[in-house]
Amino acid sequence: MERHELFKELTEAFGPSGYEGDVRAIMARHFSGSMSVSTDRLGSVIGFHDGDAKGPKVLLAAHMDEVGFMVKHVTKQGYIRFLPIGGWWPQVLLSQRVKVRTRKGDFEGIIGSKAPHAMKEEERKKPPEMDKLFIDIGVVGEKGAADAEVRPGDPVVPISEFRPLANGVLAAKAWDDRVGCAVIAELARELGSHPNRLYLAATVQEEVGLRGARTVAGLVEPDVAIAVDVSLSSDTPGEDSDAVERFGAGAAVLVYDSTMIPNVALRDFICEVAEKEGIKYHLTSLRGGYDTGVIHISKIGVPSIALGLPSRYIHSHVSAIYEEDYVALFSLVKATVKRLDGKKLKGILKFA
Ligand SMILES: [Zn+2]
């Protein structure tokens, strides 16, 4: 499968938190070529490959869920009121297309917005409030949502195609974190030999509080964990022009996020791997969290780190990444897995 096909398949898949089934089927298929596949009881899917039965248990986690919405209720006129799933900024929602999944199938809709002609001067200045927004799936009189049997709890995601832009920039919805899913899916295909017991986990419900990662940690009980996810690019107008986090900066090694300070020896080992292999990388930080936020404090503690790549416009209908950064991230993850053996783990665990 060609890389862009994999990106298209993963980013266009339907999968808000709690409704990851379509993405789970895709990931299970990619894992099954070379790994044994299982799920935990919350819905995460895990591929396992025994590279060395005496080697450390290495867990790579990428979350399958995307930010989306859920039907709250249907108005008498047949419009849908909705709840956000994950972090949304209402400004990016107006006039966007969405897919509503009901027991009668998928329905396309629009998040309605008032025409400027119908707004008072004061109203135009104010950002919209989430609970005032609504979805129109084709309302005539009191028909519309009623005909589709839309019910509270039905999940909703943005409609957005995978599109390569100029210069190797790739636009799609849900790069957060289908990019991590792509990395571990590709890794499963190119596995080869490695000196550890490798667990690739496509997790559920990260966007609502790292929930899937918690149960995966319980199942795997890893010795080392790495989250593969997006970090934030600062190279758009109005951002800090000195920031290191930009398209072309390669793989991101997170030295800090709101949920974790990584294991320092693991961080240094990964930087060393990048330098030895000539892989472009940069050190960065983020306000927010990754799956490793809960994995690293599971049981007696798990040396962990998050790796990412600079992304633009995430948590909206169209986000963007840079293909060369993806290649750097994939290469770094793969090279790390190839080199992480029992001896390295001992060094990582040495605190005295
Ligand atoms: Zn994420």
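Trainee: Let's start with helix H2. Which residues are exposed on the other side of H2?

Mentor: Ala25 and Ser32 are exposed there. Keep in mind that we're looking at a predicted model. To read exposure, count neighbours: a residue is exposed if 12 or fewer other C-beta atoms lie within 10 Å of its own, and buried if there are 20 or more.

Trainee: Okay, so which residues of H2 are buried?

Mentor: Val23, Ile26, Met27, His30 and Phe31. Viewed down the axis of H2, these buried residues fit within an arc of 130 degrees, so they line one face of the helix.

Trainee: And what do the buried residues of H2 pack against?

Mentor: Quite a list: helix H1 (3-12), strand E1 (36-39), strand E2 (45-50), H4 and strand E12 (197-203). You can look at this from H1 too. The buried residues of H1 are Phe7, Glu9, Leu10 and Thr11, and they pack against H2, strand E11 (169-172) and H4.

Trainee: How do I check the length of a helix like H2?

Mentor: Compare its end-to-end reach with what 1.5 Å a residue would give. H2 (residues 21-32) has 12 residues and reaches 16 Å from first C-alpha to last, close to the expected 16 Å. For H4, 15 residues reach 20 Å, close to the expected 21 Å.

Trainee: H4 keeps coming up. How many of its 15 residues are buried?

Mentor: 13 of them, which leaves H4 mostly covered. Take Trp175, which lies in this helix. There are 28 other C-beta atoms within 10 Å of Trp175, and the cut-off is 20, so Trp175 is buried.

Trainee: What does Trp175 touch, not counting residues up to four places away in sequence?

Mentor: Thr11, Val230, Ser311, Ile314, Ser319 and Ile321. Sequence distance and distance in space are separate things to read: Trp175 and Leu10 are 165 residues apart along the chain, yet their C-alpha atoms are separated by 8.8 Å.

Trainee: What about a charged residue, say Asp325? Is that one buried or exposed?

Mentor: Buried, with 28 other C-beta atoms within 10 Å. Asp325 sits in helix H8 (residues 323-339). Leaving out residues up to four places away in sequence, Asp325 touches Phe247, Gly248, Ala249, Gly250, Ala251, Leu309 and Pro310.

Trainee: Now the nonpolar cores. Which residues touch the most other members of the largest one?

Mentor: To read a core, look for buried nonpolar residues that are joined up. The largest core here has 81 residues, and Leu60, Ile184, Leu200, Ala251 and Leu307 touch the most other members. Helix H4 (residues 175-189) gives the largest share, nine residues. Apart from this core lies another, of 21 residues, including Phe69, Ile85, Leu133 and Ala145.

Trainee: Who are the contacts of Leu200, leaving aside neighbours within four places in sequence?

Mentor: Phe31, Met35, Ile46, Gly47, Leu60, Ile184, Leu187 and Ala188. You met Phe31 among the buried residues of H2.

Trainee: Last one: which stretches make up the domains?

Mentor: The domain assignment gives domain 1 as 3-66 + 173-349 and domain 2 as 68-158. To read how two domains sit together, check their centres and their contacts. Here 32 Å separate the centres, taken over C-alpha atoms, and 11 residues of domain 1 contact 12 residues of domain 2. On the domain 1 side of that contact there are four nonpolar, four polar and three charged residues.

Definitions and conventions:
Residues numbered from 1 in each chain as written. Predicted model: local features only at pLDDT ≥ 70, side-chain atom pairs only at ≥ 80, totals over all residues. Domains from an automatic or database assignment. Contact = placed C-beta atoms within 7 Å. Nonpolar A, V, L, I, M, F, W, Y, C, P; charged D, E, K, R; others polar. Core = buried A, V, L, I, M, F, W, Y, C linked by C-beta atoms within 7 Å. Helix = DSSP H or I, 4+ residues; strand = E, 2+ residues; numbered from the N terminus. Expected span 1.5 Å × (residues − 1). Arc of directions from axis to C-beta.
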